[in-house]
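Hi everyone, thanks for coming. I'd like to walk you through one structure today, so please have a look at it with me.

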Amino acid sequence: MLDRLQELHDEAMKKVADASDLNDLKVVRIAYLGKKGPITEVMKGMGKLSAEERPKVGQKANEVRESVTSYIEEKEKAFEEAALLEKLKKESIDVTLPGRPVSKGGRHPLTSVVETIEDVFIGMGFNVAEGPEVETDYYNFESLNLPKHHPARDMQDTFFVTSDLLLRTQTSPVQTRTMEKHEGQGPVKIICPGKVYRRDEDDATHSHQFMQIEGLVVDEGIRMSDLKGIFATFVKKYFGEERNIRLRPSFFPFTEPSAELDISCAMCHGKGCRTCKHTGWIEVLGAGMVHPNVLEMGGFDPEKYSGFAFGMGVERFAMLKYGIDDIRHFYTNDTRFLSQFTRV
Amino acid sequence: MLVSYKWLKEYIDIDEYSAKEVAEKLTRSGVEVDAIHPLNKEITNLVVGKVVECVKHPEADKLNICQVDVGEIKPVQIVCGAKNVGEGQYVAVARVGARLSGGMKIKRAKLRGEVSEGMICSLQELGFEGKLVPKKYSEGIFNFPQEMLAGEDALSPLGLDDTILELDLTPNRSDCLSMLGVAYEVAAILGVDVKVPEPAIVASKEKASDFVKVHVEASGDNPYYGATVIKGVKIGESPLWLQTALIASGVRPINNVVDVTNYVLLEYGQPLHAFDLDTFGSKEVLVRRATEGEKIVTLDESERTLSGEHLVITNGEDPVALAGVMGGATSEVNDDTVNLLLEAAYFDPGPVRKASRDLGLRSDSSVRFEKGVDPNRVAAAGLRAASLIQQLAGGEILEGPVEFDQLNREPREVSITLDKVNNTLGTQLEVEQIERIFDQLQFPFKENNALFTVDVPTRRQDISIEADLVEEIARLYGYDHIPTTLPNTPTTPGGLTTTQLKKRKTRRFLEGAGMHEAISYSLTTAEKEAHFTENVQSRVKVALPMSEERSTLRTTLLPHLLDALSYNKNRNSYHVHLYEMGSVFHTEENQVTVQPEEKTYVSGAFMGLWHEHSWQGEKKPVDFYVVKGIVEGLLSELDVNGEIRYVQYEKAGLHPGRTALLEIDGKEVGFLGQLHPSTAKEWSLPATYVFELNLQSLMEGTEENLRYEAIPKYPAMDRDIALVVDESVKAEDLQRIILNHGGKLLTRVAVFDLYQGENLAPGKKSLAFSLRYLDRDKTLTEEEVSAVHEKVLLALEENAGAILRS
């Protein structure tokens, strides 16, 4: 009987080895290991054996079963793996085809400039103040030390609505409005971004509408050297660590002393090139110590308080930062222009 | 202001500095030099020649053959085409090998058989601007007005070795509208002395007051009037130095008398006027306000109509000059003039500015009077001019001048302490340093215990308060030397307000949704706006618009967004989605008298595909629901609380069936929808969708109050239902019925399908909703959910005729 079992084992193992798919294995399994299979048949004849032989045959039968079963399982696994591999191969795609685009818009470059500058100043303890675009003559001019018929009004050609109402020519009126709200108590530390309007023909460098950012610091003991310090910090944060600043005397009716702020040219690092008109410097903003009349009109005592104010053109900053050559690009809203700033 | 460097050197000794160095120093201390123009850019080999013989060319009518002495043994032959060439003239000769302005090179030539060795030049050929060339020479060659040395270099006598500094003056520095003013400024920077001219005249025994009387009615407008009488002048051409000085300053030479008045205007900054005494019309000068409608013909031969706000010089009857602006034509100095009345006066800025504005007439004179001239230079300038006229045109200066004088010439006293200077600038200057600066400025001062009392010279009208002195000190000390510090005041927390943060969130959201931010002009036309609103009357209009295009402040952001879509479409961008956030201006008044209400709106405009993935064949055009999704998302982003409703709506400019009004708690806050096809056509746009929201009302009253809510411990149960209803029934109505009857357990309702067509009766549609039931305290049973669900179904049937679709 033992020989018969060995014979069956060899037969079954050969059939398993010859099986070419899962179905063949199923047939072998049923044929040899099934309830009606030859091994079961052999086992049934075990009753006729002596007590001595029975366990030997039993053990052999189990060994044969296990051996065949494990070989079948092994083969099954191999077939499954091959089948899966085949399937995955068929599922292969062209990974070089373009992906599904995620729609993304973007901020206008002027807004980017405003927000970045706001954030730099917020980091230095400033708040953001806003004011109306249709202003009164008082806030736009008179409270800024520009009484009617002041020659410096010529510098700003104004869109009047009535003799007293106008489209603000500068964001400076927010200075007075903010000082009034503080009722003579410092500190005031604000920047005021916004749209302003002047009667200019639109061309590559002029626009009848543009954006400014005004800044104002009023407190006891504010000095012109502080203006320099705040700007050195701002310029390094906004334009880069390697940029230097210089102040030049200038004139604004609402500041005294007044200054223009230049930054070293990024193109030539101060050596002089076309961008900086061979001076090595680029003019970026106007500033100065708040004129005592302006402090007074804003409700602050000029004997006790002092301050500095500054104003910058947002378009100019954007043009310098991104190398834009025509101011009109900002207002045509051409998506070929706008989409270049989505990364900002 | 154009400053001739050569002329400037007559007042200050600055030979050791180049024009470029001086320009740089001026700019760095507050008087900006906008440009430096060397007058001679490339001319070489230009000499003075004397025409010793001039004959007609035998072969050409228009040519002359000239023998020109150029300082050599033999004269050279030059063929010249100018009509005004003649024997005995001293001319500018470009010799063979010379270069002229514009790079032209002079070669030996043969003109109709005659050799020509060089060229006799016109001023234009030497690079002078045509409008500055004296009339006499404007059509031909230049003649030196005086005897010269043949063969000497001609560049220097012609002033071509000069350099011009172009000053860009700030309005406060009108003192630098004069050569002397610039000289004082440069002297202060370099620490040198100023040589002021000291005119000397020999007056005759005759008295000017016998020939002319001066009456000033408007003494406030004209506190000083000085009339000098000069008899027997000979009008002629000015000497070369005077002509070149004027040309360098951008003034065209006319004749010796007029040139002197212009020269002194440039030198002292004091405008003067010379009248022909014989055509003046009387022996009386009367200065008064013009009468309403009074007329004068000015020097430029235009008739001007005046008003009571303008000041005139009259001969007692008729105006002979528009005070401080321009003289009259009748008493103009011309070639026949013999006797002069020379006016030196102080006119108040007000009436001069008024006349200049009203008449659109700006002159070198009005520009200076408008800003206020130096009261201490008025009479001195008159004297200087009289002396130069006598020197150049001869004549007798009568004893005088005849004056009306109420002019205040006192310097202004301004005080400042050393501490104030240092506290304002953040410097640590010493008394001596400040003293040195005042000395350089030539400001007389007294110092007592670190208090400076300064008598500010009247030439510096811009200095009146201590801050002005601080600036003078700072700019001469050098802004570069001011230290760099940070405020040593308590720190303040900086930040954005809730509204400002929400504006940023709005931007981020719309950009994330795929929209580009647009910024457009606030000024628009009433016509464009009329597409969206009937009420065109109450608009804010600018009084004097530059064009109709920019005449009215916008009340909606849509027209310019549509302009932008159209602009993009014309440049082959067809799928464009833009938003803008900005102010709109509403007024209740027909004629604006108070500031209009400014509201922040956010609007969007969409055209073309919303989504496209071409190789997968996906193309999703923008439709109403894309726009609504964005609006819904924005409201959620802004945490708008209150009941949000989208109400079917008809609005000008929009599709009547595809527009919704957005209401929050019953209050209108905006609209969204498709642009009316005929409006779209006006802008040449395809199907276009828009929204416009009053952002201000969306940001109101919402406070940040986000609290964590426990995640449910028990499972929810979802029930999906498909309802057949009449086509007219709105999804919102069904949703409301479901919510009203779902009780506490119903936590969510969402539409997930809309079906119309086969298997449904005509006029019917099927809407499918997904309902979620949840009990936060225990696991729901089928029975509990079914009980509520049945109630919901019943209510749907009763209230909306909704039948469960089998």
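Let me begin with chain B, whose secondary structure comes to 19 helices and 41 strands. Please keep in mind throughout that this is a predicted model.

How does the radius of gyration of chain B compare with that of a compact globule of 806 residues? Such a globule would come out near 28 Å, but chain B has 42 Å. Along the principal axes, the C-alpha atoms of chain B fill a box of roughly 130 × 85 × 55 Å.

Now the domains. For chain B the domain assignment gives domain 1 (2–29 + 170–190), domain 2 (44–137), domain 3 (203–405), domain 4 (417–481), domain 5 (498–699) and domain 6 (717–804). Taken over C-alpha atoms, the centres of domain 2 and domain 6 of chain B are separated by 105 Å. Chain A is assigned domain 1 (2–90) and domain 2 (109–341), and the C-alpha centres of domain 1 of chain A and domain 2 of chain A lie 92 Å apart.

Two annotations from UniProt are worth having beside that. An unreviewed entry there carries "domain: TRNA-binding" for residues 40–155 of chain B. In the model, that span is 0% helix and 41% strand, and its end C-alpha atoms lie 8 Å apart. The other annotation, also from an unreviewed UniProt entry, is "domain: FDX-ACB", covering residues 712–805 of chain B. Here the span is 32% helix and 34% strand, with 32 Å between the end C-alpha atoms.

On to the sheets. In chain B, five strands form an open, antiparallel sheet in the order S5-S4-S3-S6-S9. Why is one side of S5 and of S9 left without a neighbour in this sheet? Strand S5 (76–80) and strand S9 (119–120) of chain B stand at the edges and have a single partner strand each, so one side of each stays unpaired in the sheet. Further in, strand S3 (residues 44–57) and strand S4 (residues 60–69) of chain B pair in the antiparallel sense over seven bridges. If you want a pair to click on, Glu53(B) has Gln67(B) in S4(B) as its bridge partner.

Chain B also has an open sheet of seven strands, ordered S27-S30-S31-S37-S36-S35-S34, and its pairing is mixed. Its edge strands are strand S27 (516–517) and strand S34 (644–648) of chain B, each pairing on one side only. Within this sheet order, strand S31 (residues 597–607) and strand S37 (residues 688–694) of chain B run antiparallel and share seven bridges. Ser603(B) stands opposite Glu692(B) in S37(B).

At the S34 end, five bridges join S34(B) to strand S35 (residues 654–664) of chain B, again antiparallel. Arg645(B) finds its bridge partner in Glu663(B) of S35(B). The two strands S34(B) and S35(B) make a hairpin with five residues between them, and Gly653(B) in the turn has a positive phi of about 90°.

That brings me to some backbone details. Most residues other than glycine have a negative phi, and most peptide bonds are trans. Ser684(B), which is not glycine, has a positive phi near 55°, and Ser684(B) lies in the loop between helix H16 (677–682) and S37 of chain B. There are cis peptide bonds to look at too. One joins Glu256(A) and Pro257(A), with omega about -5°; Pro257(A) sits in strand S7 (residues 255–264) of chain A. Another joins Gly400(B) and Pro401(B), with omega about -15°, and Pro401(B) is in the loop between strand S22 (396–399) and strand S23 (402–405) of chain B.

Last topic: cavities. The structure holds four of 30 Å³ or more, and the largest has a volume of about 130 Å³. Of the 14 residues lining the largest cavity, the closest to its centre are Ser174(B), Asp175(B), Gly372(B), Val373(B) and Asp374(B). Its lining has three nonpolar, six polar and five charged residues.

The second largest cavity encloses about 70 Å³. Which of its 13 lining residues are closest to the centre? They are Ser250(A), Asn172(B), Arg173(B), Glu471(B) and Arg475(B). Strand S6 (245–252) of chain A and helix H11 (466–477) of chain B each supply at least two lining residues. By class, this lining divides into two nonpolar, five polar and six charged residues.

Thanks for listening, and I'm happy to go back to any of these spots.

Key:
Residues numbered from 1 in each chain as written. Chains lettered and ligands numbered in written order. Predicted model: local features only at pLDDT ≥ 70, side-chain atom pairs only at ≥ 80, totals over all residues. Heavy atoms only, no water. 1 Å grid on protein atoms, 1.4 Å probe; cavity = no way out; pocket = protein on both sides within 12 Å on 5 of 7 lines; lining within 4 Å. Points joined across faces, edges and corners; volume = space filled by probe spheres on them. Nonpolar A, V, L, I, M, F, W, Y, C, P; charged D, E, K, R; others polar. Helix = DSSP H or I, 4+ residues; strand = E, 2+ residues; numbered from the N terminus. Domains from an automatic or database assignment. UniProt positions renumbered as here; feature names shortened; annotations may be inferred. Pairing = 2+ DSSP bridges. Rg over C-alpha atoms; globule rule 2.2 N^0.38 Å.
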